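Work through the exercises below with the sequence and the model open. Try each task before reading its solution.

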Amino acid sequence: MGIRDYFKRSTEPQPTATSNTVGYFMKSDIESAIVGGYTKLSDSPEVTTAINTVADLVSNMTIQLMKNSEKGDTRVKNELSRLVDIAPNAYQTRKSFIFWIVKSMMLNGDAVVMPITRSGAIKELRPLPASKIRFYYDADDEFNYAIRYKNKNYTPEDLLHFVLNPDENLAFMGTSYKVNLNDVTHNLKQASATKRSFMSSEYMPSLVMMVDSDADLDEDEREKFEEKYLKRKDKNKPLLLPDGLVKFETIKPLTLEDLAIHESVKVDKETVASILGIPSFVLGVGTYSKDEWNNFINTKIMSIAQIIQQTLNKLIVEPDMYFTFNPRSLYNYSLVEQVNAITALVKVNTLRRNEGRNWLGLAPDSEMDDLIVLENYLLQQDLSKQGKLNNDVEIDDEKGGE
């Protein structure tokens, strides 16, 4: 198939950083100057766990190149499909490549990939680091924008620009979850610091001794008193003290439950899960639900997959071809449920048994390529040979003759 030559530099003038051009940074260069209390999304364990879960699931799906036909879409296998689904570049597999795209989009709002061409054909898809990407757009025409990488401007047609949550003012730019998660990530960071400080605190005694004394005891006097009255050579023997000299009281130290740390962390984790669109049990809150998991695959995972596959379609020149992810392996179905579904489809002549074996990860069997129907599983071309049907026809003919 031919591939659209998107990636040769255009002869048309490109936007440059002039007085009429506005710069838009993909990643801030002044993080070191931000006031104290700022927490990056990548520094939050809860946010990182959620993003990595989404990226892991999306990158687990195979990417198929499909072609429209009158009898339904069929899969195409060629150099382009192999490039995207198996070896996008010399350093990454499909898994790590898609994982990077998803993670970059969720942390920064955008991910940029540079296609490398040789002799007019795409040979490599190279991810560009967010720290080296800048966006510039014309103040009079926001859609006239350029992507700057290593002091060189590229038009949007030169690169693959993956956009998550388009900005309301700059529709070509993506927005991350930084603003929405700013407060909750700060709260989670503060809760973690409070817990760490609380657990390492030395001021958690469970026993208090009140000494009958009119004067304050300094540290040396306390140690002398402890050596004299509160320590014995045999630790199993009881203490013998003058009556009224010391009064013992036990106290219950504060716990994390008393400080309501657990409740606040639980609420914040649920908030993170809600904003990122993942089930809360992924972050350890609540109980697992198969229906909730499958709905998560249908909504959030496939929504991000749509962004990626539709952007990858820029690599295709034929109007009847497109990329699509295959999510079937991500759904939580038991082996029994899969077998029952395959059996039902085979019975109604919708699925070949070898296709069903492929669902289960089994090798094809040369004797299971034929379509079978009815309760006795005859071949389709042998339906007219059933003795039962032939007998019924003869009986009807006899009755009609009478």
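A salt bridge is a side-chain nitrogen of Lys or Arg within 4 Å of a carboxyl oxygen of Asp or Glu. The model is predicted: local features need pLDDT of at least 70, side-chain atom pairs count only at pLDDT 80 or more, and totals for chains, interfaces and linings use all residues. Residues are numbered from 1 along each chain as its sequence is written, and side-chain values use heavy atoms, with hydrogens and water left out.

**Exercise 1. Salt bridges**

Task: Find the salt-bridge partner of E337, and place both residues in the fold.

Solution.
- Step 1. Look for the nitrogen. K290 pairs with E337, and the closest N and O atoms are 2.9 Å apart.
- Step 2. Place the pair. E337 sits in helix α8 (residues 335-347) and K290 in helix α7, so distant parts of the chain, 47 residues apart, are linked. Helices (H or I, at least four residues) and strands (E, at least two) are DSSP runs, numbered from the N terminus.
- Step 3. Check accessibility. Buried means under 20% relative accessible area, exposed over 50%, and partly exposed in between (1.4 Å probe, protein chains only). E337 has 32%, so E337 is partly exposed. K290 has 30%, so K290 is partly exposed.

Task: How many salt bridges does a search of the whole structure find?

Solution.
- Step 1. The search finds six.
- Step 2. One of them joins D320 to K67, with the closest N and O atoms 2.6 Å apart. This pair links distant parts of the chain: D320 is in the loop between α7 and β12 (321-326), K67 is in strand β2 (residues 62-67), and 253 residues separate them.
- Step 3. D320 is partly exposed because its relative accessible area is 23%. K67, at 29%, is therefore partly exposed.
- Step 4. E124 and R118 also meet through their side chains, at 3.9 Å, N to O. E124 is buried because its relative accessible area is 8%. R118 has 45% and is therefore partly exposed.

**Exercise 2. R94 in its helix**

Task: Is R94 buried or exposed, and what does its side chain reach?

Solution.
- Step 1. Locate the residue. R94 is in helix α3 (residues 94-108).
- Step 2. Read its accessibility. The value is 13%, so R94 counts as buried.
- Step 3. Find the polar contact. Such a contact is a pair of N or O atoms within 3.5 Å; within protein, one must be able to donate a hydrogen and the other to accept it, and residues adjacent in sequence count only if both atoms are side-chain atoms. The R94 side chain reaches the backbone oxygen of M61 at 3.2 Å.
- Step 4. List neighbours. Contact means heavy atoms within 4.5 Å. Not counting residues up to four places away in sequence, R94 touches a set that includes S59, M61, I63, D85 and P88.
- Step 5. Look along the helix. Other buried residues of α3 include F97, I98 and I101. G109 follows α3, with a positive phi near 95°.

**Exercise 3. A loop residue**

Task: Where does I278 lie, and which residues does I278 contact?

Solution.
- Step 1. I278 is in the loop between α6 (261-276) and α7 (290-312).
- Step 2. Its relative accessibility is 7%, so I278 counts as buried.
- Step 3. Leaving aside neighbours within four places in sequence, I278 is in contact with A50, V54, A273, L283 and F296.
- Step 4. Compare sequence with space. I278 and K300 are 22 residues apart in sequence and 7.3 Å apart, C-alpha to C-alpha.
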